[in-house]
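Here are my notes for a colleague opening this structure for the first time. Please read them with the model on screen.

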Amino acid sequence: MNYLGAEIEIDLGKEHERYIINKPSVVVIPAGTPHCPIVTRWVDKPFGFFSIHLAGKTESTYVD
C-alpha cells in the first residue's frame, strides 16, 4: 500500500516550487494556483493518476 512504484515531479506556485512524489499521495491545488509540469521520472510498476476538477468549467492560464 505504501509503495507507488514510480517517482513523479510537480511544480507548484509562481516560484515553481518542485515536489517529488514517490508514495501514494493526494495533491490538492487551490483554484488559481499555477501548477505543472507534471513529470514521471521513473516507473517500476503501473500506477493510477486521476485529475478531478470540482468547478463547473475549466479555465487555463499559461504562465512563463
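1. **Burial.** The protein has 64 residues, and buried residues make up 17% of them. Keep in mind that this is a predicted model. Buried here means under 20% relative accessible area. Two acidic residues discussed below, E7 and E9, fall in that class.

2. **Elements.** How many helices and strands are there? The protein has 0 helices and 3 strands. Read from the N terminus, the order is β-β-β. Strand β1 covers residues 6-12. Strand β2 covers 17-21, and strand β3 covers 35-43.

3. **Extent and surface.** Along the principal axes, the C-alpha atoms fill a box of roughly 35 × 25 × 15 Å. The accessible surface of the protein is about 5800 Å². Carbon and sulfur atoms account for 55% of that surface.

4. **Contacts along the sequence.** Consider the contacts between residues at least 6 apart in sequence. Of these, 43% join residues at least 24 apart. The salt bridges in points 6 and 7 give two examples of pairing across the sequence: R41 with E7, in parts 34 residues apart, and E9 with R41, in parts 32 residues apart.

5. **Charges.** The protein carries 6 positive and 8 negative charges. The mean positions of the two sets lie 5 Å apart. Side chains of opposite charge can pair when their charged atoms come close. The structure holds 4 salt bridges. Three of them are described next, in points 6 and 7.

6. **R41 and E7.** R41 and E7 form a salt bridge, with 3.4 Å between the closest N and O atoms. What does this pair tie together? R41 sits in strand β3 and E7 in strand β1, so the bridge links parts that are 34 residues apart in sequence. Are the two partners buried or exposed? E7 has 15% relative accessibility, so it counts as buried. R41 reaches 44%, so it counts as partly exposed.

7. **E9 and its partners.** E9 meets R18 in a salt bridge, at 3.1 Å from N to O. R18 is exposed, because its relative accessibility is 52%. E9 is buried, because its own value is 13%. E9 also bridges to R41, where the closest N and O atoms are 3.4 Å apart. E9 belongs to strand β1 and R41 to strand β3, so this pair joins parts 32 residues apart in sequence. Shared partners connect the bridges: E7, E9, D11, R18 and R41 form one network.

8. **The C36-P37 bond.** Look closely at the backbone here. Most residues other than glycine have a negative phi, and most peptide bonds are trans. The peptide bond between C36 and P37 is cis, with omega about 5°. C36 also has a positive phi of about 100°, though it is not a glycine. Both C36 and P37 lie in strand β3. C36 is partly exposed, because its relative accessible area is 38%.

9. **H16.** Where does H16 sit? H16 is in the loop between β1 and β2. H16 is not a glycine, yet its phi is positive, at about 55°. Its relative accessibility is 36%, so H16 counts as partly exposed.

10. **A nonpolar patch.** Which residues make the nonpolar surface patch? I38, V43, F47 and F49 form it, and the patch spans about 360 Å². F47 lies in the segment after β3. With 31% relative accessibility, F47 counts as partly exposed. Patch members need over 30% relative accessible area, so F47 passes that cut-off.

11. **S51.** S51 also lies in the segment after β3. Its relative accessible area is 53%, so S51 is exposed. How far is S51 from H16 in space? The C-alpha atoms of S51 and H16 are 20 Å apart, and the two residues are separated by 35 residues in sequence.

Definitions and conventions
Residues numbered from 1 in each chain as written. Predicted model: local features only at pLDDT ≥ 70, side-chain atom pairs only at ≥ 80, totals over all residues. Heavy atoms only, no water. Patch = residues over 30% accessible without salt bridge, like charges linked within 9 Å, V, L, I, M, F, W, Y side chains within 5 Å. Areas by Shrake-Rupley, 256 points an atom, 1.4 Å probe, with all protein chains shown as cover. Salt bridge = Lys/Arg side-chain N within 4 Å of Asp/Glu carboxyl O. Helix = DSSP H or I, 4+ residues; strand = E, 2+ residues; numbered from the N terminus. Buried < 20%, exposed > 50% of the residue type's maximum accessible area, 1.4 Å probe, protein only. Contact = heavy atoms within 4.5 Å. Lys, Arg positive; Asp, Glu negative; His and termini not counted. Charge placed at Lys NZ, Arg CZ, Asp CG, Glu CD.
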